[in-house]
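This report describes selected features of one protein model. The sequence and the structure are shown first, and the description follows.

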Amino acid sequence: MADEFRTTEVGDRYAQALFDLAVETGAIDAVRADLKSLRAAHGESADLRRLLSSPVLKAGDQSRGLLAIADKAGFNRTTRNFLGLLAQNGRARDLMAVSAGFERLYAIRTGAVSAEVVSASPLSAAQTAAILKALRAALGKDPEVTARVDPSILGGLKIKVGSKLFDASLKTKLDQMKFALKRA
């Protein structure tokens, strides 16, 4: 699966538009919750990933699919309408970048600190608590932590706080070692 830490210029523009609309309609927390559940579903559902990224599906089909998901999940009207518009404009593949951009804008507005922790296997409650404690000490405040599993990192952790990515994954270390050996 592609690295979901990436944002795009298009994603940032759509995120700003959605954020402004959510503030205007007073639905900022509802839209944020909807986007969080979409991010979680994206990580768990290969069908949703295919719906968003398939070049075979037409924009209308993607729009109908996203609207059906929004209706079934009971998303806020602002989120629902935005998902339909995003797909109709042929930008469904940018949904995760929009979500990341929205989260960044939310953090700036509220002063919240969010951290995403990626591990190769699910973290135990004790491991999560230790990571939360270390982040609290480093940041000086309680971060909102989201955990995600990505077996492709092989081991270790990737932690993203704001725009900073701390990559202590086994895959990255092996890649660095391979590069060093090629240069030797």
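## The largest pocket

The largest pocket has a lining of 30 residues, and those nearest its centre are R39, E103, S114, E116 and T146. Two or more lining residues come from each of α2, α6, β1 (114-119), β2 and β3 (156-161). The space in this pocket amounts to about 780 Å³. The model is a predicted one, and every value in this report is computed from it.

Two of the elements that line the pocket, α2 and α6, are helices treated in turn below. One of the central pocket residues, R39, also takes part in a side-chain contact with S99.

## Helix α2

Helix α2 comprises residues 28-44, 17 residues in total. The distance from its first C-alpha to its last is 25 Å, close to the 24 Å expected at 1.5 Å a residue. Its buried residues are I28, V31, R32, D34, L35, L38 and H42. These residues are on the same side of α2, because they cover an arc of only 160° around the axis. In general, an α-helix has 3.6 residues a turn, so residues three or four places apart point the same way.

Which exposed residues are carried by the face of α2 turned away from its buried side? They are D29 and E44. The buried residues of α2, for their part, pack against five helices and a strand: α1 (9-25), α3 (46-53), α4 (59-73), α5 (77-88), α6 and β2 (144-149).

## Helix α6 and what follows

The 16 residues of α6 should span 22 Å at 1.5 Å a residue, and the end C-alpha atoms are indeed 22 Å apart, so the expected and computed spans agree. Buried residues of α6 include L95, M96, A97 and V98 at the start of the list, and S99, G101, F102 and E103 further along. L105, Y106 and A107 are also buried. After α6 comes G111, with a positive phi near 75°.

A positive phi is also found at L154, about 70°, although this residue is not a glycine. L154 belongs to the loop between β2 and β3.

## Three buried residues of α6

S99 is located in helix α6, which runs over residues 95-110. Its relative accessible area is 1%, and S99 therefore counts as buried, the cut-off being under 20%. With neighbours within four places in sequence left aside, S99 is in contact with L35 and R39. The contact with R39 includes a polar one between the two side chains, at 2.3 Å.

G101, also in helix α6, is buried because its relative accessibility is 0%. Outside the neighbours within four places in sequence, G101 is in contact with D12 and A15. The C-alpha atoms of G101 and R32 are separated by 11 Å, and the two residues are 69 residues apart along the chain.

F102 is a further residue of α6, and it counts as buried because its relative accessibility is 1%. Which residues does F102 touch, not counting those up to four places away in sequence? They are A15, L18, F19, A22, I28, V31, R32 and L35. Of these, I28, V31, R32 and L35 are listed among the buried residues of α2. F102 and R39 are 63 residues apart in sequence, and their C-alpha atoms are 12 Å apart in space.

## T8, before the first helix

T8 is in the segment before α1. Is T8 buried or partly exposed? At 32% relative accessibility, T8 counts as partly exposed, because the value falls between the cut-offs of 20% and 50%.

Apart from its neighbours within four places in sequence, T8 is in contact with D94 and A97. A97 is one of the buried residues of α6. T8 and V98 are 90 residues apart in sequence, while the distance between their C-alpha atoms is 8.1 Å.

## The cavity

The structure holds 1 cavity of 30 Å³ or more. The volume of the largest cavity is about 30 Å³. Its lining consists of V117, L123, T128, I131, V145 and A147. At least two residues of this lining are supplied by α7 (125-139), and at least two by β2.

Methods
Residues numbered from 1 in each chain as written. Predicted model: local features only at pLDDT ≥ 70, side-chain atom pairs only at ≥ 80, totals over all residues. Heavy atoms only, no water. Helix = DSSP H or I, 4+ residues; strand = E, 2+ residues; numbered from the N terminus. Buried < 20%, exposed > 50% of the residue type's maximum accessible area, 1.4 Å probe, protein only. Polar contact = N/O pair within 3.5 Å; in protein donor to acceptor, adjacent residues only side chain to side chain. Contact = heavy atoms within 4.5 Å. Expected span 1.5 Å × (residues − 1). Arc of directions from axis to C-beta. 1 Å grid on protein atoms, 1.4 Å probe; cavity = no way out; pocket = protein on both sides within 12 Å on 5 of 7 lines; lining within 4 Å. Points joined across faces, edges and corners; volume = space filled by probe spheres on them.
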